[in-house]
Each structure stands twice: as structure tokens, then as C-alpha cells.
Amino acid sequence: MTDETIQKIIDAALKVFGEKGYKGATTRIIAEKAGFSELTLFRKFKTKENLFDVALTQNIIKFKDEFQSIMLEDKSENPDEFLKSIIIDMAGIIDDNFEFIHIINNEMRGSPEPFKKEIIKGLSEHIKKNIQKDKIDYDTFALTIFMVTYGLSLGKNRGETFINYEENLDGFINNSLHCILSTN
Amino acid sequence: MTEKKILDTALTVFAKYGYYGATTRFIADESGFSEVTLFRKFKTKKNLFYTILSKNQDKMLGELDEILANNEFENPRDFLKALMDGVVDLTDKYFDFIRILLNENCEISKKALDTFVDKISHYIEKRFPNSKIDYDVLALTILSFTYFIIFDKIHGRTFIDHTNAVEEFINQYAVLFSDK
């Protein structure tokens, strides 16, 4: 079985698990979506459970990589610029990985807690390092960034117009700047 | 009463298994009634599903209205606290319904989510008008933050202190109203 086949199955699985949930997804639907037979799927992955675990693990690594890249990039001197770009960057990777994040936020299978914790804490530390204001609870702020950018992607993926997404993201950036920079 | 039992059971099953994963057979079994009874009362799985969505939406909106109407605090911090506490309780109580809204992509779920955001957004704007605030996003922020907290709480594996998180959220956002 080629790597390409394997990847197609994993990609299809992510989409189907995202759309239908773990329990609602079936290996039959996944196989169909990937363009292969169920037999092919079982030969490589053995069970639905295993396929889910593989898909999740792969995407956890992918997301963490993209997340680390963002952490390394932002070096704006100006707090306004920094906050704006970190929110835009987070929104970007969450949107790119929407199905994965949707699964993370709605399924308990696969114990996503350590992953969520790592991302939110990582984001929190990164912002704290760059903003350096005392009275802010950075964990809470990081959590709002994570959840709101997810919520905006959810709206966009549900078929609301793209314009809403951009406008709302701007609105979120403005609200956030307002909150963070007004706190003394 | 038969209807209520089936509706309550179906809500739990749809939330857990999704629309496609849930079967009328399973719902009937879990509710203690026959599939025949289920179909007699609700005709189709789709109709059962839509009935649950609309009933829960009406109930939840009604309770949200009450929370908003009873919040007479003038001080932004107190206002936000009462609002957050209310939304947290509501999200907890209607969690299965909200899960369905988030997981099922259909007209009803889209409209329901929009309605909640609108209601909260307009309410806050009326009470604390300020041209610098994006109220729709603020409402979305409140709802998505609360969803995370309750999801975390219900699954019992927390990495944040929920009460503290809500307090900090209020601290962070109360600033928004004080600045003009």
C-alpha cells in the first residue's frame, strides 16, 4: 500500500470524524470518501479506533509544528502589532486545521487534554513574554483566542459568508487590544 | 409523558452519537418504548430531531431572556458577572442541545446559534453602548469561552480552575466597558 493511499485514508477519516463525530462516522463512509474499499482500509488500519488514533496523532504533530513556527516568528516591538499578528496567525492555523480542532473541541476520545493544554499554555507564555503586563491573566486570554478563532472558523465552515469571518476577526482583534492594552 | 421521555432520550442519544450515528431503534430502546410508538408520535427520525431542536431552542431562549431581564447591575463588572454566571448555568443545563448545534450542520442549528449571539450582543450593546466594541464578537467570545469551560467540566479532566477562569474572563472584559 502506498504512502499516498494511506494519507488519503487518513485525510478522509479526519473529515468524516469531524463531520459526523467518532460514533457517527463509519469505516464504510471513510473508505468511500477516500476512494478505496473498506477492505483496503481495514488491511492498513485494522479498526476504526486505530484509524482515529492515527489521524489524531498525525494532526497533533502537524498542528504543533505550525504552532511552533508562529511562536518563533513574531518579534514585533510594538504590543499592538504583536497582539494583532499573533491573533491573526492563530486564526490562520486553526482555520487551516479546522476539522482537527473541531474534533479536539468536541470529542473526548483520544484524550486531547494534554494537547489543548500545551497549545493554550504555550500561547499564554508567548504572549506574556512579549506583553509583560502584570495584571493580565494570560491563560484566560490565550483560551479566548483559541476558542474565538475556532468559533469563527466554525461559522465560516458552516457556510456563512467569508466576509463575516474577516470582519469578526477584526472585531475580535479590536476588542482584545482594547482589553489588554487598557488594563493597567 | 411518552413524548417527553422519547424527546429527552433522543436528545441525549443525538448528542452522543450525532444525527447519523443515532438510530430510532436505539432511541426507542433507551426510552423504554417501541419503535412503533416513536414513529406514531414523530413520524420520522428527521422530524424527531427537528422537534427536539425547536423545543430546546424555545426553552433555552426563554431562560436566556429571563437572565438578561433580571440583570439590572449598573456596574460593568457586576453586570458581566451576572451575565457570565447565567450563561454558564444555561450552557451546563442545555449542554447536549448545544453539542448538537455545534456538531450538526443544518439550517436550524445555524439559526439557533445566530439567535443566541444576536440576543446577547444586542442586550449588552443596549446596556453599555460604546462605539469601540464589537458586540457580536463579544457575544461569540462569551459563548465559546463558556462552552470550553462546561465541556471541560463535564468530562472531568480539567487543566484550568473553572471558577477562576470565569473570574479572570470577567476581569479582562469589564475593562472594555469602562473605557469610552
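**Domains of chain A.** I started with how chain A is split up. The assignment gives domain 1 at 1–46 and domain 2 at 56–182. I kept in mind that this is a predicted model. I then looked up how far apart the two parts sit. The centres of domain 1 and domain 2 of chain A, taken over C-alpha atoms, are separated by 29 Å. How many residues of domain 1 of chain A are in contact with domain 2 of chain A? I found seven, and they meet eight residues of domain 2. I sorted the domain 1 side by class: four nonpolar, two polar and one charged.

**Domains of chain B.** I repeated the lookup for chain B. Here domain 1 covers 1–43 and domain 2 covers 52–178. I noted 29 Å between the C-alpha centres of domain 1 and domain 2 of chain B. Domain 1 of chain B puts eight residues into the contact, and domain 2 of chain B puts in nine. On the domain 1 side I counted six nonpolar residues, two polar ones and no charged ones.

**Overall look at chain A.** I checked the secondary structure next. Chain A has nine helices and zero strands. Read along the sequence, the pattern is α-α-α-α-α-α-α-α-α. I took the box along the principal axes, and the C-alpha atoms of chain A fill roughly 60 × 30 × 25 Å. Of the 184 residues in chain A, 39% are buried. I also looked at contacts in chain A with a separation of 6 or more. Residues 24 or more positions apart account for 61% of these.

**Where chain A meets chain B.** I moved on to the interface. On chain A, 29 residues are in contact with 33 residues of chain B. Which elements of chain A give two or more residues to this side? I listed helix 1, helix 7 (113–131), helix 8 (138–157) and helix 9 (162–182). Helix 8 of chain A gives the most, with 10 residues. By class, the chain A side divides into nine nonpolar, 13 polar and seven charged residues.

**Helix 1 against helix 1.** I then took one helix pair across the chains. Helix 1 of chain A (residues 3–24) packs on helix 1 of chain B (residues 2–21) at about 115 degrees, and their axes are 7 Å apart. I recorded the crossing as left-handed. From chain A, I found Lys20(A), Gly21(A), Lys23(A) and Gly24(A) in the contact. From chain B, the contact uses Lys16(B), Tyr17(B), Gly18(B), Tyr20(B) and Gly21(B). The class count for this helix contact is two nonpolar, four polar and three charged residues.

**Two residues with positive phi.** Last, I checked backbone angles. Most residues other than glycine have a negative phi. Gln132(A) has a positive phi, near 55 degrees. I located Gln132(A) in the loop between helix 7 and helix 8 of chain A. Is Gln132(A) buried or exposed? I counted 9 other C-beta atoms within 10 Å, and exposed means 12 or fewer, so Gln132(A) is exposed.

Lys43(B) is not a glycine either, and its phi is positive at about 70 degrees. I placed Lys43(B) in the loop between helix 3 (35–42) and helix 4 (45–69) of chain B. Lys43(B) has 11 other C-beta atoms within 10 Å, so I entered Lys43(B) as exposed.

How values were computed:
Residues numbered from 1 in each chain as written. Chains lettered and ligands numbered in written order. Predicted model: local features only at pLDDT ≥ 70, side-chain atom pairs only at ≥ 80, totals over all residues. Axes fitted to C-alpha atoms, helices over the stretch in contact; angles between N-to-C directions. Helix = DSSP H or I, 4+ residues; strand = E, 2+ residues; numbered from the N terminus. Left-handed = near helix turned anticlockwise from the far one by under 90°. Contact = placed C-beta atoms within 7 Å. Nonpolar A, V, L, I, M, F, W, Y, C, P; charged D, E, K, R; others polar. Domains from an automatic or database assignment. Buried ≥ 20, exposed ≤ 12 C-beta atoms within 10 Å, placed from the backbone.
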